[in-house]
Amino acid sequence: MSAPVSETATAALQEPDQPPAQRGGKTPWWANQRIGLLVLVVLLATLFGVLRPAFFNQQLVVFPLLRDIAMFTVVGLAQLCVLSIGHMNLAVGRMAAFSMMITGISYDLWHFSLYAGLLVGLIAGAAIGALAGWVIARTGVNSFVVTLALDFLLLGLIPLVYTGLTDNAAFVTKPDGMREMRNYSLADICIGNVCGSPAVPQLALFAVIAMVVVGWIYSRTKLGRELLMTGTSVKAAELSGIPTARRVITAHAMSGCLAALAGFMLAVSTGSIKATIGEEFMLPSFLGPILGGTLLAGGFISVWGTLLGTALTSVIRKGLDLLGVGLESLNIYLGLILLVALSTDRIRTVLSERQEVRQR
Amino acid sequence: MRRFVKTTEMTLLVICVVFFVFLVIASGGDLVGANSLKVLLQFLAVPILIGLAQMVVLAVGQLNLAVGAVGGFAAVAMGVMMADHGVPVPLALLIGFVLASLAGLANGLLVVLTRINGFIVTLATMTVLLGVQYRLVGTRTVDAYPQGLKSFGSYAVFGVLPLIFLVALLVAGLLSVMLRRTVPGRQLLASGGNPIAARLSGISNDRSVVLAHTLSGAILGVAAILTVASSPGVNKSIGGDWLLPSFAAPIIGGALLTGGSAVVLGTVLAAFIVRFVDTARAEFSLEPSWVNFVVGTVVLGSVVLGQVRTRRQSRRTVVKAPDAAVAGRVS
Amino acid sequence: MTLFVAERVDKLFPGVRALDGVTLALEAGSVHALLGENGAGKSTLIKVITGLYRPDGGKLLLDGSEVAFGSPHESAAAGIGVVHQERNLIPGFTVGENILLQKLPTSRGLVDRAAIRSEASRWLAELDLDIDPDQPVTELSVAQAQLVEIAKALSVESRVLLLDEPTASITPNEADRLFRVVDKLKNDGRAVLFVSHKLEEVFQICDTVTVLRDGSSVLESGALADLTRDQVVDLMVGRVHEALSLPPRTVDRSVDPLLELSGVSTATGHADIDLAVRPGEIVGLYGLVGAGRSELAKALLGLDRITAGEVRIRGRAVRIKNVRDALRNHKIGYVTENRKEEGVFLEQSVSRNIAVTIWDRLSKLLGYVPAKAESALVARYVEQLGIRIASPAQLAGTLSGGNQQKVSLAKWLAAQTEILIIDEPTVGIDVRTKDAFHTLIWDLAANGLAILLITSDLPEMITLADRVVVMRDHRVQGEVANDHDYDRMSQQVIRLIHAERAVA
């Protein structure tokens with residue numbers, strides 16, 4: 001149930017029955033993925049800043065850049081939750097769209113306030129995620145397929161609802177405070193005379209909250225530990241008294257909920273609630289966590305890594321954009337970076353393993 | 001196993017026939033008119049091929065997220081070569097086909113050499129190729145290629161059977177023969193069905209994985225050719241909506257995601273069913289979104305059913321734990 | 001005539017000498033047994049012979065000339081056929097294709113089905129098997145699949161055939177059929193290596209025997225005719241090893257049992273099982289592989305359906321839903337036999353591996369687990385069990401087998417269970433750690449735990465158990481009160497195991 005679909009043939013390519021790979025212990029600092037990422041992000045930001053001083057323009061570049069990083073970090077966290085149990089959520093974008101549709105309805109028809117609508121959206125996201133998790137847990141069907149099919153289903157359902165309820169495939173009612181939320185930065189929050197930086201959007205606070213909550217869950221609570229144990233070995237987890245089926249549902253519900261939050265952040269920053277929300281989420285949702293060291297196979301996550309991985313891709317995107325590289329062909333570089341990053345990561349692991357063996 | 005696949009494909013065939021009859025009746029017989037039939041089949045060619053392109057990688061236990069990107073990139077490359085650089089049609093099509101095959105080969109080699117999960121590899125190559133596709137064509141729609149190609153795309157034998165549909169069927173036939181009757185094909189399926197056993201029998205699983213990805217690329221190359229020939233022009237959105245149907249067809253067709261199943265006929269029939277859903281949608285003038293909704297539901301349903309079926313089957317025969325084996329006999 | 005020799009073969013793994021100068025010689029027209037306890041090096045030796053592992057010392061001789069195999073394919077091409085423990089058939093393929101998978105016959109570029117049929121039929125006929133080569137292998141029974149694998153191993157014209165525990169998963173009747181096939185192979189002049197745990201089979205069909213213990217051969221090509229069963233067992237377990245002296249421990253027979261089964265039947269096929277374990281008592285559950293002991297344990301934990309009878313815990317009839325229920329509401333723990341897949345989370349820290357069962361108890365508001373309380377508990381059990389680790393953050397996968405097993409046990413002790421089901425605790429663990437383990441289990445019982453001990457290791461059983469319940473074919477054969485006298489006990493237990501066969 002937890003194995004990624006694509007691994008059957010390649011997994012068997014490795015020697016079976018070898019004694020377990022010698023991992024753990026002290027890894028050299030250069031093999032720490034997160035430090036590498038941080039250095040890379042700083043280097044690249046400096047490089048772009050030197051080439052194009054406009055890169056450090058607070059209002060025009062840094063502010064939207066941080067807003068992007070914040071949103072995609074939340075998207076990454078949504079994926080991270082299911083990766084932690086060795087699953088995938090291909091419907092992460094569509095879950096965002098679905099939740100925002102519900103939020104839109106709550107604004108449009110029920111005249112909810114901004115935050116009440118957000119809450120309704122989060123609940124809707126958690127519910128649709130839980131549904132995916134429930135199907136997976138009950139049937140034992142691969143998460144890849146279930147979320148793919150769910151994606152299909154929502155892709156059909158959402159436009160139907162929008163055409164039924166709206167004129168221009170977007171909810172027009174904007175609750176009070178939505179526009180402010182888009183433009184306000186920390187400069188608008190003052191404690192006495194000390195105000196925040198105008199470069200940091202208030203929306204980023206949502207990402208900070210999400211990171212703190214997710215980080216806290218995984219490092220400090222029973223739930224997080226049980227999720228990671230389930231991701232490492234479902235069998236052993238079940239035989240250690242962990243309710244694995246329930247954990248699968250929880251992980252997917254968390255994923256849906258975070259997807260909804262990301263959808264809300266996108267809706268606020270673009271100023272409209274429409275059916276196409278979340279279309280761009282799938283690739284970044286994997287990029288952030290994977291670059292940051294979260295394992296596809298489950299059992300290990302990194303919240304900081306997700307932030308750094310997201311920051312790296314966003315900085316590159318923005319920097320190349322300023323350098324005049326066409327927006328869409330940025331994809332070429334992003335894809336290559338993903339491949340190179342993962343290949344070098346493998347080389348690094350192999351090297352540090354060898355070093356360890358030599359030290360024995 | 002073969003008998004079980006046969007029943008899956010039999011079921012699909014029955015559904016196809018019933019669905020078709022229903023559509024004919026619902027349309028008051030219009031559907032059997034030469035032109036309606038032609039249109040029905042015309043739009044089947046590419047879905048069949050992208051389903052097969054996914055099926056062949058699923059057969060080896062891998063997946064390919066880059067189906068749309070490979071196809072779109074190849075299609076755009078062909079269009080640009082012909083329209084902007086005056087490359088003769090056959091040469092342009094050949095180059096496009098080779099490019100698609102090479103993209104598949106690259107996927108396979110990356111998976112095998114880096115040992116990175118195939119999901120991530122094809123996600124990365126998808127991103128790269130989408131970028132290349134955009135860089136090649138930008139926001140234009142390229143349609144200034146020779147009329148001859150377009151008439152090939154719209155030509156129909158007896159006015160009913162579109163040439164491109166026949167090409168798709170030919171590819172399906174070749175793939176079927178390849179997977180069932182050739183040594184590399186059998187080895188590919190062996191690698192997917194039981195990689196350890198395959199390895200012990202001297203089969204290189206690496207080679208099977210590379211072969212499957214390359215075949216996938218080649219099939220997408222043909223799909224790209226048919227797309228260029230049959231659509232009014234090519235642009236950056238070609239291939240953008242291929243990913244979901246590419247999984248839908250083999251999964252409905254009965255492919256096991258764990259590998260080892262060759263369901264060419266099932267994939268083709270599933271493509272028919274999806275097409276019928278679309279036709280029905282048009283018949284009753286419903287929103288296009290209904291198609292995705294229905295197909296999503298059907299995929300989910302067929303996977304759940306398939307799972308129940310394999311579980312029951314594994315309970316019956318495949319016994320790994322020694323104790324369970326004896327138990328099965330005692331009870 | 002000696003067909004094949006493995007001469008003074010060494011194989012090293014990081015930290016382990018898996019094979020230490022092992023010599024094995026196979027004669028044409030003879031069946032050679034390879035015996036040894038789990039972890040003695042049998043599988044490693046087979047993997048070296050078939051080219052899956054490269055030997056680190058020694059050489060392989062085929063027909064007197066030295067050979068080196070880089071892959072199983074090369075060894076097969078040289079004429080060494082193997083039937084592995086795992087099922088090695090391709091599910092979607094026919095019997096014929098599976099048999100000839102190594103070199104599918106072709107004509108004009110296409111796989112020649114007629115040739116497959118005729119050639120496969122030839123091999124099936126050679127083994128007197130009535131199996132249709134066009135039949136999909138998924139329709140075969142386990143025993144049939146096994147025989148098809150032998151046909152597959154023969155199809156490369158192999159003269160040396162390795163059978164790795166071929167009878168582990170088949171019934172006695174089917175095994176007899178297999179033995180007829182083995183006899184035929186022998187009479188055709190092939191050399192057969194037969195790996196098995198079942199001594200009676202070895203004595204029935206083998207001519208010579210090599211016994212491995214802890215990676216070295218303690219007996220090389222001994223004639224079975226000159227050996228008694230007891231001698232072979234002594235060689236396998238190494239009686240020279242001094243018996244562990246354990247402090248006396250008495251069971252209060254007047255106390256009501258903590259765990260009691262009466263007339264229990266399960267969906268797996270157990271019938272009418274009666275069993276009782278008192279506090280402070282170690283009840284041994286003995287039987288051959290396939291007797292259904294682990295399955296009974298899993299049924300007790302709710303992983304299999306109990307179809308009849310009653311399970312009573314502390315005198316109350318209960319129906320356990322799952323491991324969680326067993327742990328929380330009944331204080332039952334299960335130390336699995338499958339340490340690597342079910343017992344230990346290899347890629348998680350030792351700390352988490354031990355604490356996994358106590359988070360429920362420790363967690364505060366919102367599921368917060370206080371790190372201090374957690375690490376204190378972990379430290380306590382690491383110390384109590386003498387688990388050797390650099391730090392609690394060390395990954396469990398980096399530990400030795402013995403330490404992993406201790407971790408797997410520690411989580412149940414940390415959870416303060418009162419009933420412990422321990423399944424094959426010392427498989428693949430070296431002798432010294434084994435003793436430490438035995439002392440540990442003994443102490444647990446002395447402290448009042450009710451222990452159900454499942455083991456196939458007879459000396460271990462006789463060292464530890466107060467009573468030995470013998471199972472066969474998912475039924476209880478009988479019970480022996482343990483007087484810790486090895487010879488008398490082993491005779492009684494073995495006799496009990498074979499009681500039914502003598503009748504049948």
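This report walks through a predicted model, from confidence and overall build to a few local spots.

## Ground rules and confidence

Residues count from 1 along each chain as its sequence is written, while chains are lettered from A and ligands numbered from 1 in the order in which they are written. As the model is predicted, local features need pLDDT of at least 70 and side-chain atom pairs count only at pLDDT 80 or more, whereas totals for chains, interfaces and linings use all residues.

The model comes with ipTM 0.82 and pTM 0.84. For chain C, the average pLDDT (the predictor's confidence in each residue, from 0 to 100) is 85, and 95% of the residues score at least 70. Within chain C, helix α19 (residues 499-503) has the lowest confidence, at a mean of 51, and strand β20 (residues 450-454) the highest, at 94.

## Chain C as a whole

Chain C has 19 helices and 22 strands; these are DSSP runs numbered from the N terminus, with helices being H or I of at least four residues and strands being E of at least two. Along the principal axes, its C-alpha atoms fill a box of roughly 75 × 50 × 50 Å. The radius of gyration of chain C is 25 Å, which agrees with the value near 23 Å for a compact globule of 504 residues (taken over C-alpha atoms, with the globule rule being 2.2 Å times the number of residues to the power 0.38).

Of the 504 residues in chain C, 50% are buried. Buried means 20 or more other C-beta atoms within 10 Å of a residue's own, exposed means 12 or fewer, and partly exposed is in between, with C-beta atoms placed from the backbone. Take contacts (C-beta atoms, placed from the backbone, within 7 Å) in chain C between residues at least 6 apart in sequence: 66% of them join residues at least 24 apart.

## Local spots in chain C

Helix α9 (residues 293-300) of chain C is mostly covered, with 8 of its 8 residues buried. Among them are the charged-letter entries C:R293, C:E295 and C:K298, along with C:L296 and C:L300. After α9(C) comes C:G302, with a positive phi near 85°.

C:E119 sits in helix α4 (residues 113-126) of chain C. C:E119 is partly exposed because it has 19 other C-beta atoms within 10 Å. Beyond its neighbours within four places in sequence, C:E119 touches C:L100 and C:P105; the C-alpha atoms of C:E119 and C:L100 are 8.2 Å apart, across 19 residues of sequence.

Strands β21 (residues 467-472) and β22 (residues 475-481) of chain C pair in the antiparallel sense over 6 bridges; pairing takes at least two bridges found by DSSP. The two strands form a hairpin with 2 residues between them, and C:D473 in the turn has a positive phi of about 50°. C:M471 stands opposite C:V476 in β22(C).

## The core and the A–B contact

The largest nonpolar core holds 388 residues, and A:V74, A:A262 and B:L49 have the most contacts inside it. Such a core is a set of buried Ala, Val, Leu, Ile, Met, Phe, Trp, Tyr and Cys residues joined through C-beta atoms within 7 Å. Helix α3 (residues 58-83) of chain A gives the most to this core, with 17 residues. Leaving out neighbours within four places in sequence, A:A262 is in contact with residues including A:M71, A:V74 and A:F281.The contact between chains B and A takes 52 residues from chain B and 45 residues from chain A. On the chain B side, helices supplying at least two residues each include α5 (89-114), α11 (205-230) and α14 (289-316). That side divides into 28 nonpolar, 19 polar and 5 charged residues, where Ala, Val, Leu, Ile, Met, Phe, Trp, Tyr, Cys and Pro count as nonpolar, Asp, Glu, Lys and Arg as charged, and the others, Gly among them, as polar.

Methods. Contact = placed C-beta atoms within 7 Å.
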